[in-house]
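Grab the model and work through these exercises at your own pace. Each one has a task, then a solution in steps.

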Amino acid sequence: MKLIIFDADGTLRFCTVEGQPCPNRSGEWELYPDVKEKLAEYDWVSPNSPEHGTGYGIASNQGGVGVGYFSEETAISLLKDTVREAFGFDPAEGTIEICPHVPYSGCGCRKPDPLMLHNLMNKYGVSPQEVLFVGDRDADEKAAENAGCNFMWAYKFFCREPD
Ligand SMILES: [Mg+2]
Ligand SMILES: [Zn+2]
């Protein structure tokens, strides 16, 4: 695979606030314990990097922005923190895609729509067959299908016990 795209919540990180599906602010999330070690197996490269390696990206539905739980800036900042901790470096520009819209708004970017995956593929200039999307929800699997790329469940990628 030339590019591996990750969902965030339920894939890389989990919310530490009971009964709340996603973090609303810093201090409300943790990486799954297997994430750092697994990601360290790869030689990650940024878009437009001349080096050989594997591209990375995040595609995250952040409906909490649309609902008004937190700002788009906060959502992106929390995802940058997540990448920093998971991958061990700051995410390059254009490697984080979010949908800040409420569900059922017909925005076109919210997974299962494939726009966020398409944007990341375009950023790296790779074709769908060269891309793997890793996620934990049916909407993730469907988004990969709609984008024409490969899909793997997070529990398989990270060798976790399935929910
Ligand atoms: Mg998820
Ligand atoms: Zn959207």
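**Exercise 1.** Find which residues Thr 54 touches, not counting residues up to four places away in sequence, and decide whether Thr 54 is buried or exposed.

*Solution.* Keep in mind that you're looking at a predicted model.
- Start by placing the residue: Thr 54 belongs to strand S5, which covers residues 54-61.
- Now list the partners. Thr 54 touches Met 1, Lys 2, Leu 3 and Ile 4, and also Tyr 42, Asp 43, Trp 44 and Val 45.
- Then check the accessibility. The relative accessible area of Thr 54 is 11%, and buried means under 20%, so Thr 54 is buried.

**Exercise 2.** Do the same for Trp 29: which strand is it in, and what does it touch?

*Solution.*
- Trp 29 sits in strand S3, residues 29-31.
- With residues up to four places away in sequence left out, Trp 29 touches Arg 13, Phe 14, Cys 15, Thr 16 and Pro 23, plus Leu 78, Asp 81, Thr 82 and Glu 85.
- Pick Thr 82 from that list. Trp 29 and Thr 82 are 53 residues apart in sequence, and their C-alpha atoms are 8.7 Å apart in space.
- Trp 29 has 11% relative accessibility, so it counts as buried.

**Exercise 3.** Work out which residues coordinate the magnesium ion (ligand 1), and how the donors are spaced along the chain.

*Solution.*
- Go to the ion. Asp 7 and Asp 136 coordinate the magnesium ion (ligand 1) through OD, and Asp 9 does so through O, at 2.1 Å.
- Write the donors out along the chain and you get the spacing D-x1-D-x126-D.
- Next, map two of them onto the fold. Asp 9 is in the loop between strand S1 (3-6) and strand S2 (13-15), while Asp 136 is in the loop between S7 and H5, so this pair ties together parts that are 127 residues apart in sequence.
- Finally, compare accessibility. Asp 9 is buried at 12% relative accessible area, whereas Asp 136 is partly exposed at 27%.

**Exercise 4.** Which residues of helix H5 (residues 138-147) are buried, and what covers them?

*Solution.*
- The buried residues of H5 are Asp 140, Ala 143, Ala 144 and Ala 147.
- Look down the axis of H5: these buried residues fall within an arc of 100 degrees, so they line one face of the helix.
- It helps to recall that an α-helix has 3.6 residues a turn, so residues three or four places apart point the same way.
- Turn to the other side of H5, where Asp 138 and Glu 145 are exposed.
- As for the cover, the buried residues of H5 have helix H4 (115-124), strand S7 (131-135) and strand S8 (150-153) among the elements over them.
- Past the end, H5 is followed by Gly 148, whose phi is positive, near 80 degrees.

**Exercise 5.** Describe how H4 and H5 cross: how close do their axes come, and at what angle?

*Solution.*
- The axes of H4 and H5 come within 9 Å and cross at roughly 55 degrees.
- H4 and H5 are therefore oblique to each other.
- For handedness, H4 passes H5 in a right-handed crossing.
- The contact is made by Leu 117, His 118 and Met 121 on H4, and by Ala 143, Ala 144 and Ala 147 on H5.

**Exercise 6.** Explore the loop between S6 and H4: what is Cys 109 in contact with, and which residues does a cis peptide bond join?

*Solution.*
- Cys 109 is in the loop between strand S6 (96-99) and H4, and it is buried, at 10% relative accessible area.
- Neighbours within four places in sequence aside, Cys 109 is in contact with Cys 99, His 101, Leu 115 and Met 116.
- Now the backbone. Most residues other than glycine have a negative phi, and most peptide bonds are trans.
- Against that background, a cis peptide bond joins Lys 111 and Pro 112, with omega about 20 degrees. Pro 112 lies in the loop between S6 and H4.
- Tyr 104 isn't a glycine, yet its phi is positive, about 60 degrees. Tyr 104 is in the loop between S6 and H4 too, and it is exposed, with a relative accessible area of 85%.

**Exercise 7.** What is the phi of Cys 159, and where is Cys 159 found?

*Solution.*
- Cys 159 has a positive phi of about 55 degrees, although it is not a glycine.
- Cys 159 is found in the segment after helix H6 (154-157).
- Cys 159 is exposed, with a relative accessible area of 65%.

Technical notes: Residues are numbered from 1 along each chain as its sequence is written. Chains are lettered from A and ligands numbered from 1 in the order in which they are written. This is a predicted model: local features need pLDDT of at least 70, side-chain atom pairs count only at pLDDT 80 or more; totals for chains, interfaces and linings use all residues. Side-chain values use heavy atoms; hydrogens and water are left out. Buried means under 20% relative accessible area, exposed over 50%, partly exposed in between (1.4 Å probe, protein chains only). Helices (H or I, at least four residues) and strands (E, at least two) are DSSP runs, numbered from the N terminus. The arc is that of the directions from the helix axis to the C-beta atoms. Contact means heavy atoms within 4.5 Å. Donors are N, O and S atoms within 2.8 Å of the metal (3.2 Å for Na, K and Ca); water is not among the atoms, so sites may look incomplete. Axes are lines fitted to C-alpha atoms, for helices over the stretch in contact, and angles run from 0 to 180 degrees between N-to-C directions. Angles under 35 degrees count as roughly parallel, over 145 as roughly antiparallel, 65 to 115 as roughly perpendicular and the rest as oblique. A crossing is left-handed if the near helix is turned anticlockwise from the far one by less than a right angle, and right-handed if clockwise.
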